[in-house]
Amino acid sequence: MPKKGTRAKLLVSDDKKVCKAIHQYSKGKISSENMDVLMEIGHGCMVTKNYIYQRYGGIKSLEKLYPGYVIEAEVREAGFREKIGLPSVYFSAAMDRALGDIRIMWAQVKSGINDAASKNERFSPEDRHYIRFAIKVSGCFENILNGKPVSVPKEMQPRYNKILMELGEESEQRVRDLNRFVCRQARKRLRKQHTDNETYFAVKMKGYKYGELDGKHGIFLTTKVSRKRMFIPLTDTNVYDRTLDIKLNTQKRSIEIIVPLFVNVKQHEDYTNEIGISLGLWNMITTSTGNVYGSEFGKMQNEISMYVLKEMSQNGKVKTSDTKKYIAHKAKMDAALKNYVNMEINRMLGNEKTKVVYMAKLPRNPGMSMKGTGDTYFLRMWKKGFVTERIQWKCRENDIRLIEVVGKGIGTDCSVCGQKGYIEDENFKCPVCGFNENKKVNGARNALNRGKTGKQLNKKLP
Ligand SMILES: [Zn+2]
C-alpha cells in the first residue's frame, strides 16, 4: 500500500499497471547444510512477522502505520533483530510484509464498515456520508477508534463542516452515535494476525546477487554469517532487481523464487462493446452475443477426471498413486488445460472487443461446499475457480472492466421480458413472450441486462 501523501500520485500510475508474479526455480538438490540455513532464516522471518502483528496489529498502532517509519524506529530501538540474529535484508523485508498485511486488514475493516453502513436501513444518506468521510480522511478514523477528538486536515475542514451541517440540529449527538457504530463495527472486524509459515520469506535487493559459480547460473543469498553468501543454481538465467519472495520445499530440498513484476496494461482503443458472459462446465464461456469460447473445456476436464479415476481404481482402495509417471502425465494434462483456458479467453477478448464484461457473482470458495461429492465434480469446480481467476487477470491486463452482477435467478429469468421461464434440454423457454434460446446465452444476456441496469455488485474493482 502506498505511503501517506504519495497515495494520489501512485494511484494514477498504478491505474495502468498490473502486478504479475514471475517464478524461478532452483536447479538440482540444495545441500542439507544450506537448506538448514534457509530454514533458520525462514523461522526468523516468521518470528519477526508475528512480533510485528502482535505489536502493531491493534487499534492503538493504527496512527503509526502510515507512513511507518515510527514503527521502524521503535523496532530498531527494541533491538529485536539482534535478539533473533536475523540479517537486516530478511528482517526488514519480513517487517514490510507484516506491516503490509496489517494495512490490508485495516483496508478490509474499513470497507466492511462501509458495507455495514450502506446495509443499515436506519441510516440516512447523510449518516452514510459522514461515515464514509470519517473512515477515509486521515485524522478521523484512528482518532474515533482511540476515543480522541477528531482532527481533520485543514483543507478538509470546509467539507467536514458541511457534512456536520447536513446531519441537522442534533448533529453532535448523531456524530457520537455514528462514531460508536464505527467503533463497534471495527472491533467486530479486527482480527489478530498470526503465521505458522516458516517456509515463505522475503529478501531485499541488497540481500542477493544473481551470478555464476562453476559455470552455473544462480543466485547468491546473504546468510547469517557476514560476508558469506550461499549459492543456489537456478533453472533460468533471468535477473531481477526488487524484493523477492522465497518459498522453501524442505522435502525436495528446493526453492521457488517469486518475483512481483509490474507490467503495463494494454490499451485497446477499438474495444468499445459491453457483453455479458455465463460460465459453464462444458462450454467454458458463452457470451450474450451468442458465441462460445472454450468448447473443448468440458472434454479436457473429463479426460483428466477419467485418468485420475482410472489410476485410483487400479490401486484398489489406496489413495491416488504418486508414481512418477502418473504425476508427470497429470501435470502435463493440467498444464494443457490451463494453456487452453488462457488461449480461449484471449480469443474472446480479441473477438468481442469489449470494454466491459458482466458476469454473475460466483461463490468465493467453490470447493468448500463440495465435501463428500465425487472427485470429478470437485475437480470441475476447482477449474471453474481457475477460469474466473484467469478472466479477472486478463481483463485487468487489457484495461477491460469486469463487473459482477447479482446471480440469483440469472439462469431462469427471461432476458427479453424478465418473467420466469424454464429450461428444457439445453434451451431456455419463456412461457410469457415465447423467447427460446440456448440457456447459457440467455444467462449471459441477463448478466448484460443486469449490469446495464445497475444491479452491479462491485462498481469498481480494486
Ligand atoms: Zn419472456
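Two strands are taken to pair where DSSP finds at least two bridges between them, and in the predicted model described here strand S4 (residues 216-222) and strand S5 (residues 229-233) satisfy this with five bridges in the antiparallel sense. Within this pairing, phenylalanine 220 has phenylalanine 231 of S5 as its bridge partner. The hairpin formed by S4 and S5 has six residues between the strands, and arginine 227 adopts a positive phi there, near 70°. On the other side of the sequence from this turn, S4 is also paired with strand S3 (residues 208-213), again in the antiparallel sense, over six bridges. Here glycine 211 is matched with glycine 218 of S4 as its bridge partner. Two residues lie between the strands in the hairpin of S3 and S4, where aspartate 214 has a positive phi near 50°.

A further set of strands forms an open sheet of five, in the order S10-S9-S8-S11-S12 and with mixed pairing. The edges are occupied by strand S10 (292-293) and strand S12 (401-405), each of which has a single partner strand, so that one side of each is left without a neighbour in the sheet. Both senses of pairing are represented around strand S8 (residues 273-279): with strand S11 (residues 354-360) the pairing is parallel and extends over five bridges, whereas S8 and S9 run antiparallel and are joined by three bridges. Isoleucine 277 has methionine 359 in S11 as its bridge partner, while leucine 279 stands opposite isoleucine 285 in S9. S8 and S9 together form a hairpin, with five residues between them. S8 is mostly covered, five of its seven residues being buried. Helix H13 (residues 439-452) lies across S8, strand S9 (285-287), S11 and S12, and runs at about 130° to S8.

Among the helices, the axes of H5 (residues 88-119) and H6 (residues 125-136) come within 10 Å and cross at roughly 175°. The two helices are therefore roughly antiparallel to each other. On the side of H5, the contact is made by Lys110, Ile113, Asn114, Ala117 and Ser118, and on the side of H6 by Arg128, Ile131, Arg132 and Ile135. By residue class, this contact of H5 with H6 comprises four nonpolar, two polar and three charged residues. Helix H8 (residues 157-166), by comparison with the mostly covered strand S8, is hardly covered, as the count of buried residues among its ten residues is one. H8 is followed by glycine 168, for which phi is positive and near 90°.

As regards the confidence of the prediction, the mean pLDDT of the protein is 86, and 89% of its residues reach 70 or more. Two segments nevertheless call for caution in reading the model. Over residues 1-14 pLDDT stays under 50, and the model has nine contacts beyond four places in sequence for this segment. Over residues 365-375 pLDDT likewise stays under 50, and for these residues the model has 13 contacts beyond four places in sequence.

Conventions. Residues are numbered from 1 along each chain as its sequence is written. This is a predicted model: local features need pLDDT of at least 70, side-chain atom pairs count only at pLDDT 80 or more; totals for chains, interfaces and linings use all residues. Axes are lines fitted to C-alpha atoms, for helices over the stretch in contact, and angles run from 0 to 180 degrees between N-to-C directions. Helices (H or I, at least four residues) and strands (E, at least two) are DSSP runs, numbered from the N terminus. Angles under 35 degrees count as roughly parallel, over 145 as roughly antiparallel, 65 to 115 as roughly perpendicular and the rest as oblique. Two residues are in contact if their C-beta atoms, placed from the backbone, lie within 7 Å. Ala, Val, Leu, Ile, Met, Phe, Trp, Tyr, Cys and Pro count as nonpolar, Asp, Glu, Lys and Arg as charged, and the others, Gly among them, as polar. pLDDT is the predictor's confidence in each residue, from 0 to 100. A residue is buried if 20 or more other C-beta atoms lie within 10 Å of its own, exposed if 12 or fewer, and partly exposed in between; C-beta atoms are placed from the backbone.
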